[in-house]
Amino acid sequence: MSTIYWEEEMETLPRVGLESIQLKRLQRLVHRMYEKVKPYREKMDVAGVKPADIQTLTDLAKLPFTYKDDLRDNYPFGLFTVPMDELVRVHASSGTTGKSTVVGYTKDDVKLWSGVMARAYCCAGVTSGDMVHNAYGYGLFTGGLGAHYGAERLGATVIPISGGNTKRQIGIMRDFKSTVLMATPSYALNLADAMAELDVDPASLSLKVGIFGAEPWSENMREEVERKLNLKAVDIYGLSEIIGPGVAMECLTSDGGMHIFEDHFLPEIIDPETGEVLPPGEKGELVFTTLTKEAFPLIRYRTKDISRLMYETCSCGRTLVRMEKVTGRTDDMLIIRGVNVFPSQVEHVLMGVEGVEPHYQIVVERDGNLDTMQVLVEVSESLFSDEIRRLEKTSQKIQMDIKDYLGVTCTVKLVEPKTIQRSEGKAQRVIDKRKL
Ligand code: DLL
């Protein structure tokens, strides 16, 4: 008989009970960080705050933030709180600029991570009877191993296929009867293209749910992936610094948002400019404190991801707060001639235009003092081979819709199918030549 991984007591705790657990864990954490992590103790001293000052959860706001640069400055292991022989794993994120950031796990951290990932699978209706096709990359990236350990913890069967070898993946999916697809949304589309090329009808496969994350993706993109792969697509959020995938996960209700496993990861939303904590329901930068991690705990880590917290109870029964789909990062916001533009907004417009494929790239350049934005987007085979007039109309429509929705003028270049480079992990949506 198939079983599920449902930590009912913790996941449905009334808020008062949950907050009391969070406070105890927070107080313990702050004492430990003050004692063991010199750079953080120094920050607390500068801010004039002592561990004993944390008496309520709102006192969290007295504590200094931790930034990605703190991790880089203490590269590779300077912020770890346990002796090296207690570590059982390290991961690292590549980081496009400068040194990568390194994260470490004790045996209990790996257990905690597998547990929250198993909860995440449960949110998506995955049971021990499922066959999990894990196309997240294995390696220093946390996606592959995080998804792997969670599935094993649940008792499901994992196919550790990783990214790449795209056509072969389709055969495996068909022959092994994969029921759950784990991948970045952009790689999921890549798999859908391969299916079409091989003339495999997704309805003939056994896929029922896809758990997609590691990069932003719009609601329109969700519809596209669901249609092309014939499955239900749900969102999973996480970041290496906090644990990896499994920080938050969407459930199968249509209430919206991802449940944050907040007995382990305490969220705040702040104004990215001032650092002030914003009232519940407001949009801002997500900040996390890890309440139970051993090797590499973090206090008030600035994720740069933009979201909103929703405290209304969800019809799935979980009382855990939900975070809204991440629509962008404070640092991937493009400022084009003074207008703030997020790639996800461009994606939203593109996915609403007929004949346009979900593969695009935004190229930003500077012409003299003026920023220019060009949107390269693939169109369907039939549209591409149609008369010039239809192509022109499509390109004008995109240009107008972007102007209406975002208030910015851009040029649009429609390109042939398969021109834009496909990703096996996270897609590169923006090429900002101004910074090159
Ligand atoms: O991407 C962990 C992960 C793996 C999450 C697999 C989900 C699935 P990093 O490589 O450290 O970790 O990148 C973290 O990716 O700060 C967000 O900007 C972005 N991100 C992750 N999940 C989502 C999501 C993994 N569901 C960074 N929606 C984060 C939007 C996401 N952005």
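Let's start with helix α10, residues 343-351. Seven of its nine residues are buried, so the helix is largely enclosed by the rest of the structure. Buried here means under 20% relative accessible area, exposed means over 50%, and partly exposed is in between, with a 1.4 Å probe and protein chains only. Helices and strands are DSSP runs numbered from the N terminus: H or I with at least four residues for a helix, E with at least two for a strand. The buried residues of α10 are Pro343, Ser344, Val346, Glu347, Val349, Leu350 and Met351.

What covers them? The cover includes α9, β16 (339-341), β17 (356-367), β18 (370-379), α12 (388-406) and β20 (430-432). Contact, throughout this talk, means heavy atoms within 4.5 Å.

A word on the model. It is predicted, so local features need pLDDT of at least 70 and side-chain atom pairs count only at pLDDT 80 or more, while totals for chains, interfaces and linings use all residues. Numbering runs from 1 along each chain as its sequence is written, and side-chain values use heavy atoms, with hydrogens and water left out.

Now the domains. There are two: domain 1 covers 1-331, and domain 2 covers 334-432. Those bounds come from an automatic or database domain assignment. Their C-alpha centres lie 30 Å apart. Domain 1 brings 22 residues to the contact, and domain 2 brings 17.

How much area is buried between domain 1 and domain 2? About 1,600 Å², with carbon and sulfur atoms giving 49% of it. Buried area is the accessible area (1.4 Å probe) that two parts lose on being put together, summed over both. On the domain 1 side, Asp193, Asn220 and Met221 supply 25% of the area buried against domain 2, more than any other three residues.

Next, the polar side of that interface. Three salt bridges are counted between the domains. The rule: a side-chain nitrogen of Lys or Arg within 4 Å of a carboxyl oxygen of Asp or Glu. Asp193 pairs with Arg422 in a salt bridge, closest N and O atoms 3.4 Å apart. Twelve residue pairs are in polar contact across the interface, both residues at pLDDT 80 or more. A polar contact is a pair of N or O atoms within 3.5 Å; within protein, one must be able to donate a hydrogen and the other to accept it, and residues adjacent in sequence count only if both atoms are side-chain atoms.

Which elements of domain 1 touch domain 2? α8 (185-197), α9 (219-229) and β14 (328-329) each supply at least two residues. α8 gives the most, with six. By class, this side of domain 1 has seven nonpolar, nine polar and six charged residues. Nonpolar means Ala, Val, Leu, Ile, Met, Phe, Trp, Tyr, Cys and Pro; charged means Asp, Glu, Lys and Arg; the others, Gly among them, count as polar.

On to salt bridges in the whole structure. The search finds 37. Take Lys43 and Asp70, at 2.8 Å between the closest N and O atoms. Lys43 sits in helix α3 (residues 38-47) and Asp70 in helix α4 (residues 68-73), so the pair ties together parts 27 residues apart in sequence. Lys43 is partly exposed at 23% relative accessibility. Asp70 is buried at 16%.

Second pair: Arg329 and Asp305, at 3.1 Å between the closest N and O atoms. Arg329 is in strand β14 and Asp305 in strand β12 (residues 301-310), 24 residues apart. Arg329 is partly exposed at 27%. Asp305 is buried at 8%.

Third pair: Asp371 and Arg434, 3.3 Å from N to O. Asp371 lies in strand β18 and Arg434 in the segment after β20, so this bridge ties together parts 63 residues apart in sequence. Asp371 is buried at 7%, and Arg434 is partly exposed at 23%. There is also a network: salt bridges that share partners join Glu7, Glu11, Arg119, Asp263 and Arg318.

Last stop, the surroundings of Arg434. Which residues does Arg434 contact, leaving aside neighbours within four places in sequence? Leu334, Ile335, Val364, Glu365, Arg366 and Asp371. The backbone oxygen of Ile335 lies 3.0 Å from a polar atom of the Arg434 side chain. The side chains of Arg434 and Asp432 make a polar contact of 2.9 Å.
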